[in-house]
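Let us walk through this structure step by step, beginning with the whole chain and ending with a single residue.

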Amino acid sequence: MTQVSKTARARGIGLGIIGSGRIGTLRARLAAGHPAVTSIAVSDLDPANAEKLAELVNGHSHGDDNLAVIEDPEVTAVIVSTSEGEHLAPMLAAIERGKPVLVEKPIALTVREADQVLDALKRVDGDLHVGYSRRYKERYQIAKEQVVKGRLGTLTGGAARVFNSRSQALAMLKRNPHATPVVDALTYYVDLMNWLFEGRKLVEIYARGQTGVLKDAGYDAPDVSYSVLTYDDGAVVNLGVSYALPEKYPALGHAARVEVLGTGGVMILDDDHTDQLMYSETGVPHVYLPDHVVNLVFLQSGTPGDWALGEFWGPIANETRAWLDHLATGRPCTLATPQDARATLEATLAIEHSMRIGMPVTLPLRAG
């Protein structure tokens, strides 16, 4: 058990929330209940959204100026929960001012931007973590424990695939055409495998994709993508994603399956939630899509987690609290480091590049 000093326990956190959308709002609500959080300031491109969230969490200030929140002397740590293409500026501003950052995945949309972040962190010895919340789903924490304890022997291979509905894919792509199912969703499982295979480096990626309904809707994104990732010790991993399932598919987020193979064992993690089935005449609201109701639903398939009896349960809650505990007490956490996030971004970009050219891609990629 990690021992923490009484002085460390007393350290307060003034939190700045940059971006007041779904995840920013959720993290702010979770942070408002954390004993170390003393104040919250909120910004959003839409000042009405910032005001609404500030009222919800009793924030001490709100507005549409990200820099004003980051520079607020009461703000000692920053959560960046803007859209994927808007992470860079607030991250750099917070890092330059010496404030720890939690940024939603991906760290950036290009390797060049990710390297800007790493360079900034190195200059000031900064503190940044990236929200790959699959790590904080209990089954994956437990899986990591088995790997750490050596119960699978030497890892030799693995596989993961994730399904979701086309309704969520179209919402993602409308928000940001570059946030494809590979970049926005499969990225979680690239990170997960890199975490489980920690200590190895990816050296080659080969991928194929097939277009269909997403292309017909006007987006340059495949309906189905499969890839083979090879590590420097020869271990191989197969990853697949399809965000083109029917509009009313019962999952409210990721429906996944993960397998890990080793010289001394195997883990098979069924994360589809098909064992938790409910049909409701009134319908169940989709966790990500306003006004999208599903009658047949896989319970607990919402990727962030679920509200139940006034509390939020699940990966985002676990991850947010772990990061706040880390800031308040120095307690170690297993959130993705910026180096982890850069490696994951590079792999997802390589998957997309391999699909475009129809050939294997060797890592590292050129910055771009």
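In this predicted model, a first overall property to consider is charge: the chain carries 35 positive and 44 negative charges, and the mean positions of these two groups lie 5 Å apart. The surface that the chain exposes amounts to about 16700 Å², of which carbon and sulfur atoms supply 52%, while buried residues account for 55% of the 368 residues.

The overall dimensions come next. Along its principal axes the C-alpha trace spans about 50 × 50 × 40 Å. Because a compact globule of 368 residues would have a radius of gyration near 21 Å, the 20 Å found for this chain agrees with that expectation. Within the chain, if one takes the contacts between residues at least 6 apart in sequence, 70% of them join residues that are at least 24 apart.

Turning to the secondary structure, the chain has 12 helices and 17 strands. Seven strands form an open sheet with mixed pairing, and their order is S12-S11-S7-S10-S9-S8-S17. At the edges of this sheet stand strand S12, residues 265–271, and strand S17, residues 361–362, each of which pairs on one side only. In general, the strands of a sheet pair through backbone hydrogen bonds, and they may do so in parallel or antiparallel fashion. Here, strand S8, which covers residues 202–210, is joined to S17 by two bridges, and these two strands run antiparallel; within this region, Glu-204 stands opposite Thr-362 of S17.

Another pairing shows the parallel arrangement: strand S5, residues 101–104, is joined to S6 by four bridges, and the two strands run parallel, with Leu-128 in S6 as the bridge partner of Val-101. In a regular strand the side chains alternate between the two faces of the sheet. Which residues lie on each side of strand S6, and are they buried or exposed? Strand S6 comprises residues 128–131, with Leu-128 and Val-130 on one side and His-129 and Gly-131 on the other, and since all four of these are buried, both faces of the strand are covered.

The last stop is Glu-86, which is found in the loop between strand S4 (77–80) and helix H5 (88–96). Glu-86 counts as partly exposed because its relative accessibility is 47%, which falls between the limits of 20% for buried and 50% for exposed residues. Although Glu-86 and Gly-19 are 67 residues apart along the chain, their C-alpha atoms are separated by 9.6 Å.

Methods. Residues are numbered from 1 along each chain as its sequence is written. This is a predicted model: local features need pLDDT of at least 70, side-chain atom pairs count only at pLDDT 80 or more; totals for chains, interfaces and linings use all residues. Side-chain values use heavy atoms; hydrogens and water are left out. The radius of gyration is taken over C-alpha atoms; the globule rule is 2.2 Å times the number of residues to the power 0.38. Buried means under 20% relative accessible area, exposed over 50%, partly exposed in between (1.4 Å probe, protein chains only). Contact means heavy atoms within 4.5 Å. Accessible areas come from the Shrake-Rupley method with a 1.4 Å probe; for residues, only the protein chains shown count as cover. Lys and Arg count as positive and Asp and Glu as negative; His and the chain ends are not counted. The place of a charge is taken as NZ of Lys, CZ of Arg, CG of Asp or CD of Glu. Two strands pair if DSSP finds at least two bridges between them.
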